[in-house]
Amino acid sequence: VYPRAIKSIKPIVNEIVTMYQGDSKQAQLMAEKYSDITIARDLNDSIVEEHRNDLIDASNEEWIIIIDPDEYMLPDGCKNLLYFIGETYVPHSYYYNVDGFNLKRYNICYDDEHELRVGYLYPEMMLRAFRNYGRYTGRIHEPPRGLRKVTDVDVTLIHDTTYDSEEEVQRTLDLYKKYETAIGFDNPWRVKNGNKEKNSDS
């Protein structure tokens, strides 16, 4: 899953900053294959939300694209995202001075009853492309803060958890359960079909 995520965005980025959890072999192999991959840190038994700012700080680029190991983008989506980012520099463009984009996440996952759900909650709007001054506070599933002008764009991010092993899924659930109690759970997801509404303070 991890190589798929990296390969999907590799054509449109100048650098990739990643972190790993547990066995670092896969991350090391990808770093050797692509010379522009930087390994920021080992997550150990923490969650990625605590360390996303480390990824941003390790980057030299003006724009940040956040993608999880079980997510990927299709070539047309990558091309469209580049176009929208380019438009932020064009005076009189609708996207001029935009500093964050909500992408449309398409979920392929199993629900609590272990039934496969395809396109679940689509489009689930996720703030995943933003200028490098956006920062996280460490809450689970939060969007980056400190952005001034965020808008939705027609770019799909595919979230496919069907490749995760049962052990990986359980480990993630256990970690989130622990951190939800300790630091809180921030759910900024907004679904356009009315099933969910985005938190007003996100």
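This passage walks through a predicted model of a protein, from its overall make-up to its salt bridges, one of its helices and two loop residues.

Starting with the big picture, the protein is built from five helices and eight strands. Going along the sequence, these elements come in the order α-β-α-β-α-β-β-α-β-β-β-α-β. The chain has 202 residues, and 45% of them count as buried. When contacts with a separation of 6 or more are considered, 67% are between residues 24 or more positions apart. As for the outside, the accessible surface is about 11100 Å², and carbon and sulfur atoms contribute 47% of that.

Next come the charged pairs. Side chains of opposite charge can pair when their charged atoms come close. In this structure there are 10 salt bridges. One of them pairs Arg4 with Asp160, with 3.6 Å between the closest N and O atoms. Arg4 belongs to helix H1 (residues 2–9) and Asp160 to strand E7 (residues 150–160), so this bridge ties together parts that lie 156 residues apart in sequence. The two partners can also be described by their accessibility: Arg4 has a relative accessibility of 24% and counts as partly exposed, while Asp160, at 6%, counts as buried.

A second bridge runs between Arg135 and Asp57, whose closest N and O atoms are 2.8 Å apart. Here Arg135 sits in the loop between strand E6 (116–131) and E7, and Asp57 sits in helix H3 (residues 52–58), so the pair ties together parts 78 residues apart in sequence. Asp57 counts as exposed, with 51% relative accessibility; the cut-off for that label is over 50%. Arg135 counts as partly exposed, at 29%.

Strand E7 turns up again in a third bridge, the one that joins Lys104 and Asp154. The closest N and O atoms of this pair are 2.9 Å apart. Lys104 is in strand E5 (residues 100–110) and Asp154 is in strand E7, so the link is between parts 50 residues apart in sequence. Lys104 has a relative accessible area of 17% and is buried, because the cut-off for that label is under 20%. Beyond these pairs, salt bridges with shared partners bring Arg52, Asp68, Glu71, Arg105, Glu124 and Arg128 together in one network.

Among the helices, H4 (residues 75–87) can be looked at in more detail. Helix H4 is 13 residues long, and the distance from its first C-alpha to its last is 19 Å, close to the 18 Å expected at 1.5 Å a residue. Its buried residues are Gly77, Cys78, Leu81, Phe84, Ile85 and Glu87. As background, an α-helix has 3.6 residues a turn, so residues three or four places apart point the same way.

After H4, the chain enters the loop between H4 and E5, where both His92 and Asn97 are found. His92 has a phi near 75 degrees, which is a positive value in a residue other than glycine. Asn97 also has a positive phi, near 65 degrees, and it too is a residue other than glycine. In terms of accessibility, His92 counts as exposed at 84%, whereas Asn97 is partly exposed, with a relative accessible area of 45%.

Methods. Residues are numbered from 1 along each chain as its sequence is written. This is a predicted model: local features need pLDDT of at least 70, side-chain atom pairs count only at pLDDT 80 or more; totals for chains, interfaces and linings use all residues. Side-chain values use heavy atoms; hydrogens and water are left out. A salt bridge is a side-chain nitrogen of Lys or Arg within 4 Å of a carboxyl oxygen of Asp or Glu. Helices (H or I, at least four residues) and strands (E, at least two) are DSSP runs, numbered from the N terminus. Buried means under 20% relative accessible area, exposed over 50%, partly exposed in between (1.4 Å probe, protein chains only). The expected span of a helix is 1.5 Å times one less than its number of residues. Contact means heavy atoms within 4.5 Å. Accessible areas come from the Shrake-Rupley method with a 1.4 Å probe; for residues, only the protein chains shown count as cover.
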